[in-house]
Amino acid sequence: MAHLIFVEITALGVQSIAHAKQLGHEVTLLRSPLYDFITPPTERARAEELADRTLHADDLQDVGLLLGLLSEHGIGAGDVDAALSTLSLCVLSAARLAERLGARGTPYKAAAAARDKGRCREILRDTGVPSLGFAVVTTLPQALIAAAGIGYPVVIKPVSGVGKAVTSIVEDPEGLRVHFARTGEELGAMHPGLAAELDERFIVEELAVGELYSVEVAADGERFIPLVAVGRKMGRDNPVLELGCTVPSGLPAGEEAELGEYAARVCQVLGLALGIFHVEVMRTANGFRLVEVNPRVSGGSLPDSVRMATDHNVFEILVDVFLGAPAPAQPLPWRRAASHTFLAAARNSVVPRDLPADWFEEFRPRLHSGWSHAEPGAEIRAMKGNFDTFGMIRVVDCDADRAAGEVAAVRRDIEKRLGFALTAVAESRGDPVAAAPRRGER
Ligand SMILES: Nc1ncnc2c1ncn2[C@@H]1O[C@H](COP(=O)(O)OP(=O)(O)O)[C@@H](O)[C@H]1O
Ligand SMILES: [Mg+2]
């Protein structure tokens, strides 16, 4: 029997605790109320019920405090086999904790380099992995100089990203001015658990134009295996917004293999030797280019779509590699396609009061799965980032185009039923330049 420590847990991540328990392992869950807003109460309760013990700490980033807490329960160096987190906000403390306990974990230095978008690009540049022009800045004058050097349009985003907060695509110096002017206000409106992640550093990057993909790369200490590549839905009017995924990617086999190799190479040069990592990559006219690496398994609804398409559970693979099992030898073969889309409002909107309370159920027969918490009369905030979605719809079908097409049709019908505009998805398939038509080829 092994002993695993989970630092916090995500809604779908509970499956990894369930897997560990099913294998007869001991599980300690470290939690903080600071992250309650991320995991719904039912899943949180389920995680605590499955774990052998749940220890609560106010600050999960303070590894000294966590070590003290564990030692109060008789857990110290040598007692733990692995420490991990499925939540990006806690991967660094899990990595540090693993090192301090002498347990298996993602190497701290590598996780920290991946979380720092500037450091990450430096490593890619130094190791010759194709990347994008960039500069790390803290002030508007520095950003103006950086953007002039890189060439507009550019992306400006916090060095450690948190769900699209204060991230803009800017066309000209005025756009940078607007970005900096709005930053204070946006930070003030953010949840403290997220705001704590940010400092004054921004990265200014060359805009990659094309279709967005993501790859889950598994590393078992020896090998880096691209488990699954996925097509990502971007916002039509604001490509920064993430609106869902389709598994499989729909890319021709040769290109999908190239994408997988590229993502695995990114993890390798960063030294992300143990875990499953979420690598976001743009397919541009010049080839694949990294958008970001998240040194943890995919969040959101993607792991379930992967399970539905491949019959493999990435959370189980995650626990297995952390406990010393080899990563799967090859990408997971897919058996069917799954496509999910988030429901979000394009502008501040109100759900019509005269809708039946169970309006969403009308759409269920056309869906494999989904949810909505848009109750009649509810006010829905315009989508600014990952936390502004009010629902998710998913279709499972025999191929990617059919699944994506049907989920798009359901989305349109939901939009009609609700009577307000939903955040529109960019039409991107097939043409690497069509995803961001306003920006032209660079
Ligand atoms: N250099 C870039 N070129 C094109 N699009 C980008 C670039 N950087 C970020 N984006 C867009 O912005 C989104 C958010 O950026 P990302 O670095 O993934 O931050 P987060 O950590 O908030 O997810 C990406 O999903 C992508 O659509
Ligand atoms: Mg991202």
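In this predicted model, helix α6 starts with a cap: D116 sits at the N-terminal end, where one of its side-chain oxygens lies 3.0 Å from the backbone nitrogen of G118. The helix itself runs over residues 117–127. Right after α6 comes G128, and its phi is positive, near 75°.

What does α6 keep out of view? Its buried residues are K117, G118, C120, R121, I123 and L124. So G118 turns up twice here, as the partner of the D116 cap and as one of the buried residues of the helix. The cover over these buried residues comes from several elements, including the helices α5 (108–115) and α10 (253–270). Strands take part too, among them β5 (134–137), β6, β8 and β13.

Some of those names come back around ligand 1. β6 (154–158), β8 (202–206), β12 (274–284) and β13 (287–294) each hand at least two residues to the shell around the ligand. In total, 20 residues surround ligand 1, and the closest are K117, K157, K164, E205 and A208. K117 is thus among the closest residues to the ligand and also among the buried residues of α6.

Sorted by character, the shell around ligand 1 holds 11 nonpolar residues, 2 polar ones and 7 charged ones. As for where the ligand sits, domain 2 (133–206) and domain 3 (211–418) both give residues to the shell, so ligand 1 lies between them.

A few polar pairs can be picked out at this site. On the oxygen side, a polar side-chain atom of K157 is 2.8 Å from an oxygen atom of ligand 1. On the nitrogen side, an N or O atom in the side chain of E205 is 2.7 Å from a nitrogen atom of the ligand. With E206 the backbone does the job: one of its polar backbone atoms lies 2.9 Å from a nitrogen atom of ligand 1. Taken on its own, ligand 1 has 540 Å² of accessible area, and the protein covers 97% of that.

Elsewhere in the chain, L70 belongs to helix α3 (residues 63–72). Is L70 buried or exposed? Its relative accessible area is 0%, so L70 counts as buried. Leaving aside residues up to four places away in sequence, L70 touches I5, T28, L30, L55, I75, L97 and L101. One of these, L55, is 15 residues away along the chain, and the C-alpha atoms of L70 and L55 are 8.0 Å apart.

Terms used: Residues numbered from 1 in each chain as written. Chains lettered and ligands numbered in written order. Predicted model: local features only at pLDDT ≥ 70, side-chain atom pairs only at ≥ 80, totals over all residues. Heavy atoms only, no water. Helix = DSSP H or I, 4+ residues; strand = E, 2+ residues; numbered from the N terminus. Buried < 20%, exposed > 50% of the residue type's maximum accessible area, 1.4 Å probe, protein only. Contact = heavy atoms within 4.5 Å. Near = heavy atom within 4 Å. Polar contact = N/O pair within 3.5 Å; in protein donor to acceptor, adjacent residues only side chain to side chain. Areas by Shrake-Rupley, 256 points an atom, 1.4 Å probe, with all protein chains shown as cover. Nonpolar A, V, L, I, M, F, W, Y, C, P; charged D, E, K, R; others polar. Domains from an automatic or database assignment.
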